Structure formats: structure tokens, C-alpha cells
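The exercises below ask for a reading of a predicted model. Work through each task with the structure open, then compare with the solution.

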Amino acid sequence: MMFNIKKCIWLPLFCALICLCQPVPLSQRQQLVLISDQQLIQLGAQSYSAYLDQSDVVRGTGKARMVNRVGGRVKRAVETYMRRERLTDRIDDFEWEFALIDDSSANAFAMPGGKVAVFTGIMQIAEDDTGLAVILSHEIAHVIAHHGNERMSQALLLQLGASALSVALSEEPEFTRRLFMAAYGLGAQVGVLLPYSRLHEKEADRLGIIFMAMAGYNPNEAIDFWKRMQEKQQNGQPPAFLSTHPSYEQRIELLKENMDEAMKYYQP
């Protein structure tokens, strides 16, 4: 038998990567995650704190209270869901925070550790608590599904290769921080944009309407919210929230397909 050194080299790496795969909640799709939850939660806390320091955080207003009120209900729903799925180890170290940022962009984001920010520009599209629940549930679903970890892991492999991965994580914290920011939608300083894929968006939509339903918000309202987002874009103001997302028609159709499932969790 001919000895193939290339196979000999790559087989252990392939086996190691398989071992680092885990299932996405609900969809059970296998995803590659190379970064520990503890590392991401630490990066999330540091990046979130730095972001708030340089932003105009809105406090004490009706809308600020709305963000915390709705955020609290979605948080409790997520915790209930993770207990049911026996996945509480993924959120044990979360220290949830919700902030309203004075920014006209129609945007929002969530980071590992339960760090969530909503921009004032998207509040008018949300209109009420239920509309805001759509936004928060969707963004938190990305975190629960480890989508940021997955695309960071892919980018690390592409840029550094497996041999340099552990070195980068331990000895190049600034590089890792910039990659983290790009992965969670706060910049692309490493020269690569890391948008959520359409597969990620589908998973976040499906998981998101379940979270909002468990929080007591009618998931059918998600369809009206995305229609309002569509109207805003048609008016010549494409929201940053949608910059890498699927078309409205595709999203709405997929939401309709998953609505019966979400309604099983809905208790007004």
C-alpha cells in the first residue's frame, strides 16, 4: 500500500474538527465552533462595555424602559427554553444587559453573554412591545445558536490555518477582538466582512419566533414587522439591520411555514 503523507497530516486535523462540531438548538445542524463560550463571553463583555462608553446611551425614557421590559421577558423565555432542551450550560455565565442607543440607524445587535443593544432608529419600525420582541428575539437567537462563534471559527481557519489558530487566540488578543467585532456586526477591521449566512438567518427567524411566543408575544406579528422593514427600504432607506439578510418575500414565507410550530409555544 502506498503511504500518503498528506492524508497522514490532514486526518488528525479532520478528526479534531469533527470533535469540535456541535448541534444548533432546534435545527440540530452540526456547526464548527473553535472558540470556547468563556472566551466569547469575555470578549462580549469587553466589547459591549467599550461600545457603550463611546455611544450615547438613552436612559430613563419610556423607550429605554420598553427595551428593558421586553428584553427581560425574552430573556426569561430563552432561559426556560434552554432548561427544556437541557442546554443551560450554554447560558450559565450570561449576565444579561439591554441598552437603547441614540442612533438613527435601523439596527440592533446581541453579543455572547446576553449583551444586547437596540438603536433608536429601529424603534419606530418596532412600533410596540411585540415589534420590539421580534427584533430582540431574532438577535438573541443568533447568539443562542452560536452563529457568531461559527463564522469566527470559519474566518480563523481561512486566515490563519489550523496550526496558527491556538497561537492567535492566546497570543494575539487584538486580532481576535477585531475579528469578534466583525463577526458580531460592529466593524470589519480585519479586512473581512462576516455577514450571517442565509442559513443562519433562517435558524434565527425560526428560533426567534419561538422565543417571542414563549415570552407571551404573538409570533404572527413578526410578519407585519418585516413588512414594515420592507416599506422602509422601498422608501430609499435600507436598514443596516437588513444589510446581509434574505429578501423580505423569502423571510415572510419561511416565517409562515414555521408559524404553526411557534404558536404551540404561545401563551398570551
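**Exercise 1. Determine which way the side chains of strand 5 (residues 108–111) point, and how strand 5 pairs with strand 6.**

Step 1. Sort the side chains by direction. Ala108 and Ala110 point one way from strand 5, while Phe109 and Met111 point the other way. All four are buried, that is, under 20% relative accessible area.

Step 2. Look at the partner strand. Strand 5 and strand 6 (residues 115–119) run antiparallel and are joined by four bridges. One of the pairings to find is that of Met111, whose bridge partner in strand 6 is Lys115.

Step 3. Inspect the turn. The hairpin of strand 5 and strand 6 has three residues between the strands, and Gly113 takes a positive phi near 95° there.

**Exercise 2. Establish the strand order of the open sheet of four strands and find what packs on it.**

Step 1. Read the order across the sheet: it is 3-4-6-5, with mixed pairing. The edge strands, each pairing on one side only, are strand 3 (57–58) and strand 5.

Step 2. Assign directions. Strand 3 and strand 4 run antiparallel, joined by two bridges. Strand 4 (residues 97–101) and strand 6 run parallel, with five bridges between them.

Step 3. Follow Ile101 to both sides. In strand 4, Ile101 is the bridge partner of Val57; in strand 6, Phe119 stands opposite Ile101.

Step 4. Add the helices. Helix 2 (residues 37–53) packs on the sheet and touches strand 3, strand 4, strand 5 and strand 6. The direction of helix 2 makes about 30° with that of strand 4. Helix 5 (residues 129–144) lies across strand 4, strand 5 and strand 6, and runs at about 35° to strand 5.

Step 5. Conclude on strand 4. Four of its five residues are buried, so strand 4 is largely enclosed by the rest of the structure.

**Exercise 3. Locate the nonpolar cores and trace the contacts of Leu132.**

Step 1. Start with the largest nonpolar core, which has 54 residues. Among those with the most contacts inside it are Val70, Val118, Leu132 and Phe225.

Step 2. Take Leu132 and set aside its neighbours within four places in sequence. Leu132 is then in contact with Met66, Val67, Val70, Val118, Met123 and Ala126.

Step 3. Separate the other core. A second core, of ten residues, includes Tyr51, Leu52, Met111 and Ala117.

**Exercise 4. Classify the aromatic pair of Tyr81 and Phe211, then find where a charged end sits over a ring.**

Step 1. Choose the descriptors. A pair of aromatic rings is described by the distance of the centres and the angle of the planes.

Step 2. Apply them. The structure holds six aromatic pairs. In the pair of Tyr81 and Phe211, the centres are 5.4 Å apart and the planes make 75°. Planes over 60 degrees apart count as edge-to-face, and this pair is edge-to-face.

Step 3. Place the rings in the chain. Tyr81 belongs to helix 3 (residues 62–84) and Phe211 to helix 9 (residues 198–214), so the pair links distant parts of the chain, 130 residues apart. Both Tyr81 and Phe211 are buried.

Step 4. Note the aromatic cluster. Tyr51, Phe109 and Phe119 form one cluster.

Step 5. Turn to the charges. Arg73 lies over the face of Tyr217, at 4.1 Å from the ring centre. The charged end of Arg251 sits over the ring of Trp226, 4.0 Å from its centre.

Note on methods:
Residues are numbered from 1 along each chain as its sequence is written. This is a predicted model: local features need pLDDT of at least 70, side-chain atom pairs count only at pLDDT 80 or more; totals for chains, interfaces and linings use all residues. Side-chain values use heavy atoms; hydrogens and water are left out. A nonpolar core is a set of buried Ala, Val, Leu, Ile, Met, Phe, Trp, Tyr and Cys residues joined through side-chain atoms within 4.5 Å. Buried means under 20% relative accessible area, exposed over 50%, partly exposed in between (1.4 Å probe, protein chains only). Contact means heavy atoms within 4.5 Å. Two strands pair if DSSP finds at least two bridges between them. Rings of Phe, Tyr and Trp (its six-membered ring) pair if their centres lie within 6.5 Å; planes under 30 degrees apart count as stacked, over 60 as edge-to-face and the rest as tilted. A charge sits over a ring if NZ of Lys or CZ of Arg is within 6 Å of the ring centre and within 35 degrees of the ring normal. Axes are lines fitted to C-alpha atoms, for helices over the stretch in contact, and angles run from 0 to 180 degrees between N-to-C directions.
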